[in-house]
Amino acid sequence: MNDSKEYPHSGYAILPFIDRPLSFSGSFLSAISNAYRNNQRLDMWSHEKHIQSLSERNLTSFGRVFRAAVQGGVVIDLGCGIDDRTAWAIPLISGCFGAKKYIGVDRHRQEKSEKREGLEIEYKDMEILHYLEQMSVNGKIVVVMSGLEFSDGVSADDRVQITQQFYNTLKERLPRGSYIAVGPSGTSPELLDAPKRVFNHVASAKEGHTLFSTN
Ligand SMILES: C[S@@+](CC[C@H](N)C(=O)[O-])C[C@H]1O[C@@H](n2cnc3c(N)ncnc32)[C@H](O)[C@@H]1O
């Protein structure tokens, strides 16, 4: 059986944090995959025991740095995705890595608030820029952006400029001591360069995910 065909979309989002040889040779991703296939409505937290059972040595070096950044903080997932079925990895990882709150923001997300295993979860149906304008969050913030492009109806040149502007705005809105995790989005190197011009590099994963800090 080729498990890779069965992985839920969000399974890939876990790879930067968990040692790849273990993920592929061991049962972690196939357990997730099986659970996903067998559940009409996947309860993402049913996988928590798999993640919790992972010891320190099973995290990638990026996973360890990310865990330290997330611990005790508020994770804000911009462009989080539209439902639990496709976008469960970041909330789950936030919970397992000791975040106190997860806020998912997406313009196509149904709003809801819940508490899972000690983690407060809130979804906001909002434009990202609108959210940032009115954001009021206390404590350490870790912004996550994965698979996000500012491409709607704009030319390639404008896209680079808009992306750059976005990171400048984000920096203005974030308190010192915040982190920004950027996942691979599209193919343009200029887009990936934009956060590098604004934030300090902390760590990168093989898959291209990069963690930055505000100071
Ligand atoms: C490719 S999906 C990525 C989902 C998730 N972050 C992941 O990595 O699986 C991009 C998401 O960003 C949302 N999005 C894009 N631009 C946005 C904006 N300006 N404001 C709010 N949501 C946005 C889309 O609705 C979509 O759900």
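This text goes through the ligand surroundings and then one pair of packed helices in a predicted model.

Around the ligand there are 17 residues. The ones that come nearest are Gly-79, Gly-81, Arg-107, Ser-146 and Gly-147. Sorted by class, this shell holds eight polar, six nonpolar and three charged residues. Both domains take part in it: domain 1 (3–56) and domain 2 (60–213) each supply at least three residues of the shell.

The helix pair consists of H8, residues 156–173, and H9, residues 189–198. Their axes lie 9 Å apart and meet at an angle of about 30 degrees. Angles under 35 degrees count as roughly parallel, so H8 and H9 are roughly parallel to each other. The crossing of the two helices is right-handed.

On the H8 side, the contact is made by Val-160, Thr-163, Gln-164, Tyr-167, Asn-168 and Lys-171. H9 contributes Glu-190, Leu-191, Ala-194, Pro-195 and Val-198. By class, this contact between H8 and H9 has six nonpolar, three polar and two charged residues.

Methods:
Residues are numbered from 1 along each chain as its sequence is written. This is a predicted model: local features need pLDDT of at least 70, side-chain atom pairs count only at pLDDT 80 or more; totals for chains, interfaces and linings use all residues. A residue is near a molecule or strand if its C-beta atom, placed from the backbone, lies within 6 Å of it. Ala, Val, Leu, Ile, Met, Phe, Trp, Tyr, Cys and Pro count as nonpolar, Asp, Glu, Lys and Arg as charged, and the others, Gly among them, as polar. Domain bounds come from an automatic or database domain assignment. Axes are lines fitted to C-alpha atoms, for helices over the stretch in contact, and angles run from 0 to 180 degrees between N-to-C directions. Helices (H or I, at least four residues) and strands (E, at least two) are DSSP runs, numbered from the N terminus. Angles under 35 degrees count as roughly parallel, over 145 as roughly antiparallel, 65 to 115 as roughly perpendicular and the rest as oblique. A crossing is left-handed if the near helix is turned anticlockwise from the far one by less than a right angle, and right-handed if clockwise. Two residues are in contact if their C-beta atoms, placed from the backbone, lie within 7 Å.
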